[in-house]
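Work through the exercises below with the coordinates open. Each task is followed by a stepwise solution.

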Amino acid sequence: MEKKNIDWENLGFGYCETDYRFVSYFKDGAWDDGALITDSNVVISECAGVLQYAQTVFEGLKAYTTADGQIVIFRPDLNAARLADSARRLEIPVYPEDKFIEAVEKTVKANAAFVPPYGTGAALYIRPYIFGSNPVIGVKPADEYQFRVFCTPVGPYFKGGIKPLTIKISDFDRAAPHGTGHIKAGLNYAMSLHAIVTAHGEGYDENMYLDAATRTKVEETGGANFIFITKDGKVVTPKSDSILPSITRRSLMYVAEHCLGLPVEHREVYKEELKDFAECGLCGTAAVISPVGKVVDHGTEICFPSGMEEMGPITKKLYTTLVDIQQGRAEAPKGWIRVIE
Ligand SMILES: Cc1ncc(COP(=O)(O)O)c(C=O)c1O
């Protein structure tokens, strides 16, 4: 298969239309078989449930070319399960998890020419999503839905080297107790836009959201979970019902414990503890780990000893180990890597 003529080394994180996408329709209480199509446009009623009441959920994962030239995807079963959880919370019919994996595999295979070659740092970002498509004017769930998967080649998250971020403790809340913070619904991101534009306008890279009820505990950013390293080398990650269960974070916790022999704690993390940590990072599919050098709490700077020049040493070990697994340079735990045949 011949690759597309794309400047892989200089790709950003943007949308680049590929040749095929997968679509399945839900009508009369059932999903159809679905198919790959070439038309990238979606035509729906002006009154579609998704347009009026934001009834939509989505996922994000990546396909890579490994050192030995295979195209692989990383733990798609967890994305399938998380999309199902998200769907249930928004009264969207669940797309079967095995069919989800099939659809992702078909879409990647059909667009193999867009999967960046090994060594470019780029990947194929895959976006599965479901939305209510029939007219809905009274507030209620739609009766008809589309499940779709498209993909787009994306460049390495950090161009020109990894640089620690400066983040602010936000005065906005991301998720209410018993709300929708634990699912991947478009509505969580719509309402985060004002907060992130505000933070960027003030010169910060990201927001640290606290728990909405007490504003004393660390939750996450708009698009990544936190990991912290204590001065005695423990890996700590915040626990809360309103945090999205990051697949990268869960994988890093496993790697920390089982590959690197580090103690791991998944527990509530208080804002007051921040000053005691040695390292901090944000984890998610986009960058795997972005190091955080500084958190600013209303003018008070909390600077991690790892500094503003590079990733902390333990964060770096975690990052390298997981990226090596994803790119086929290290043996993966059973079931983590699916080869696209
Ligand atoms: C709010 C939020 N938290 C965390 C993550 C990281 O999750 P994952 O590691 O599954 O990409 C994402 C991105 O998907 C996100 O949007």
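**Exercise 1. Polar contacts of the ligand**

Task: in this predicted model, find what lies 2.6 Å from a nitrogen atom of the ligand, then look for further polar contacts.

Solution.
- Step 1. Start with Glu220. A polar atom of its side chain lies 2.6 Å from a ligand nitrogen atom.
- Step 2. Turn to the ligand's oxygen atoms. A polar side-chain atom of Arg82 is 2.8 Å from one of them.
- Step 3. Check the backbone too. At Ala224, a backbone N or O atom lies 3.5 Å from a nitrogen atom of the ligand. The cut-off for a polar contact is 3.5 Å.
- Step 4. Ask how much of the ligand is covered. Alone, the ligand exposes 390 Å², and the protein buries 95% of that.

**Exercise 2. The shell around the ligand**

Task: state how many residues surround the ligand, and sort them by class.

Solution.
- Step 1. Collect residues with a heavy atom within 4 Å. The shell holds 16 residues.
- Step 2. Pick out the closest. These are Tyr189, Glu220, Ser246, Thr248 and Thr285.
- Step 3. Sort the shell. It has 5 nonpolar, 7 polar and 4 charged residues.
- Step 4. Place the ligand. The space it takes is the largest pocket.
- Step 5. Map the shell onto elements. α6 (247-259) and β14 (277-284) are the ones that give two or more residues.

**Exercise 3. The largest pocket**

Task: give the volume of the largest pocket and describe its lining.

Solution.
- Step 1. Take the volume. It is about 1000 Å³.
- Step 2. Go to the lining. It counts 38 residues, and those closest to the pocket centre are Tyr157, Gly222, Gly223, Ala224 and Ala286.
- Step 3. Link back to the ligand. Ala224 also provides the backbone atom at 3.5 Å from a ligand nitrogen.
- Step 4. Assign elements. At least two lining residues each come from β7 (123-132), α5 (193-201), β10 (206-208), α6, β14 and β15 (288-297).
- Step 5. Split by class. The lining has 18 nonpolar, 13 polar and 7 charged residues.

**Exercise 4. The second largest pocket**

Task: which element gives the largest share of the lining of the second largest pocket?

Solution.
- Step 1. Locate the pocket. It holds about 420 Å³ of space.
- Step 2. List the lining. There are 25 residues, with Gly121, Pro156, Tyr319, Val323 and Gln327 nearest the centre.
- Step 3. Find the elements that give two or more residues. They are β5 (61-65) and α7 (313-326).
- Step 4. Choose between them. α7 gives the largest share, 5 residues.
- Step 5. Finish with the classes. The lining divides into 14 nonpolar, 8 polar and 3 charged residues.

Definitions and conventions: Residues are numbered from 1 along each chain as its sequence is written. This is a predicted model: local features need pLDDT of at least 70, side-chain atom pairs count only at pLDDT 80 or more; totals for chains, interfaces and linings use all residues. Side-chain values use heavy atoms; hydrogens and water are left out. A polar contact is a pair of N or O atoms within 3.5 Å; within protein, one must be able to donate a hydrogen and the other to accept it, and residues adjacent in sequence count only if both atoms are side-chain atoms. Accessible areas come from the Shrake-Rupley method with a 1.4 Å probe; for residues, only the protein chains shown count as cover. On a 1 Å grid over the protein atoms alone, a cavity is a set of points where a 1.4 Å probe fits but cannot get out, and a pocket is an open set with protein on both sides within 12 Å along at least five of seven lines; lining residues have an atom within 4 Å of a point. A molecule sits in a cavity or pocket if more than half of its atoms lie within 2 Å of its grid points. Helices (H or I, at least four residues) and strands (E, at least two) are DSSP runs, numbered from the N terminus. Ala, Val, Leu, Ile, Met, Phe, Trp, Tyr, Cys and Pro count as nonpolar, Asp, Glu, Lys and Arg as charged, and the others, Gly among them, as polar. Grid points are joined across faces, edges and corners, and a volume is the space filled by probe spheres set on the points.
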